[in-house]
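Biologist: I am new to this structure and would love a close look at one part of it, along with whatever surrounds that part. Could you take me through it step by step?

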Amino acid sequence: MQFEDLNVWQRSADLACEVFIYFKTSKQFGLKDQITRAALSISSNIAQGYERKTAKDYCRFLSYSKGSCGELRSQLYIALK
């Protein structure tokens, strides 16, 4: 099995693509950059953790990914206001 086979990675990669498309024309460059980076970080951390050698490392990167989810949610709330 590879990280690409993980449903959670597939969904997070789809989310990142949707965020990039949605904010493509945004003129709020600072916020756009933060939002797209946070969205990309979710799937990236899942993939990076999966490729690590120990379960402890994998769990740590899943925790980073969860943190990126919170960061993205917070930024989206601000963007919507």
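Modeller: Here is a walk along helix H1 and then outward to its surroundings.

A word on the ground rules comes before the details. This is a predicted model, in which local features need pLDDT of at least 70 and side-chain atom pairs count only at pLDDT 80 or more, while totals for chains, interfaces and linings use all residues. Residues are numbered from 1 along each chain as its sequence is written, and side-chain values use heavy atoms, with hydrogens and water left out.

Let us set the scene. The protein chain contains three helices and zero strands, giving the pattern α-α-α when read along the sequence. Helices (H or I, at least four residues) and strands (E, at least two) are DSSP runs, numbered from the N terminus. The C-alpha trace spans about 40 × 20 × 15 Å along its principal axes. Of the 81 residues of the chain, 31% count as buried. Buried means under 20% relative accessible area, exposed means over 50%, and partly exposed lies in between (1.4 Å probe, protein chains only).

Now to H1 itself. This helix runs over residues 7–22, which makes 16 residues, and it reaches 22 Å from its first C-alpha to its last, close to the 22 Å expected at 1.5 Å a residue. That expected span is 1.5 Å times one less than the number of residues in the helix. The buried residues in H1 are Trp 9, Ser 12, Ala 13, Ala 16 and Val 19. They sit on the same side of H1, because they cover an arc of only 120° around the axis; the arc is that of the directions from the helix axis to the C-beta atoms. Turned away from this buried side is a face with the exposed residues Arg 11, Glu 18, Ile 21 and Tyr 22. Asp 14, also in H1, counts as partly exposed at 46% relative accessibility.

What does the buried side of H1 pack against? Its partner is helix H2, residues 29–50. Trp 9 gives a good example from within H1: leaving aside neighbours within four places in sequence, Trp 9 is in contact with Phe 3, Glu 4, Ser 43, Ile 46 and Ala 47. Contact here means heavy atoms within 4.5 Å. We can also look back from the other helix. Ser 43 is found in H2 and counts as buried at 7% relative accessibility. With neighbours within four places in sequence again set aside, Ser 43 touches Trp 9, Ser 12 and Ala 13. For a sense of spacing, the C-alpha atoms of Asp 14 and Ser 43 are 9.1 Å apart, although these positions lie 29 residues apart along the chain count.

The third helix joins the picture too. H3 (55–80) has 26 residues and reaches 37 Å from its first C-alpha to its last, close to the 38 Å expected at 1.5 Å a residue. Its buried residues are Asp 57, Phe 61, Ser 65, Ser 68, Leu 72 and Gln 75, and what covers them includes H1 and H2. From Trp 9 to Phe 61, 52 residues apart along the chain, the C-alpha separation is 13 Å.

Finally, H1 takes part in the lining of the largest pocket, where H1, H2 and H3 each supply at least two residues. The volume of this pocket is about 200 Å³. On a 1 Å grid over the protein atoms alone, a pocket is an open set of points where a 1.4 Å probe fits, with protein on both sides within 12 Å along at least five of seven lines, and lining residues have an atom within 4 Å of a point. Grid points are joined across faces, edges and corners, and a volume is the space filled by probe spheres set on the points. The lining is made up of Val 8, Arg 11, Ser 12, Leu 15, Ile 42, Ile 46, Ser 65, Cys 69, Leu 72 and Arg 73. These divide into six nonpolar, two polar and two charged residues. Ala, Val, Leu, Ile, Met, Phe, Trp, Tyr, Cys and Pro count as nonpolar, Asp, Glu, Lys and Arg as charged, and the others, Gly among them, as polar. Arg 73, from H3, is exposed, with a relative accessible area of 51%.
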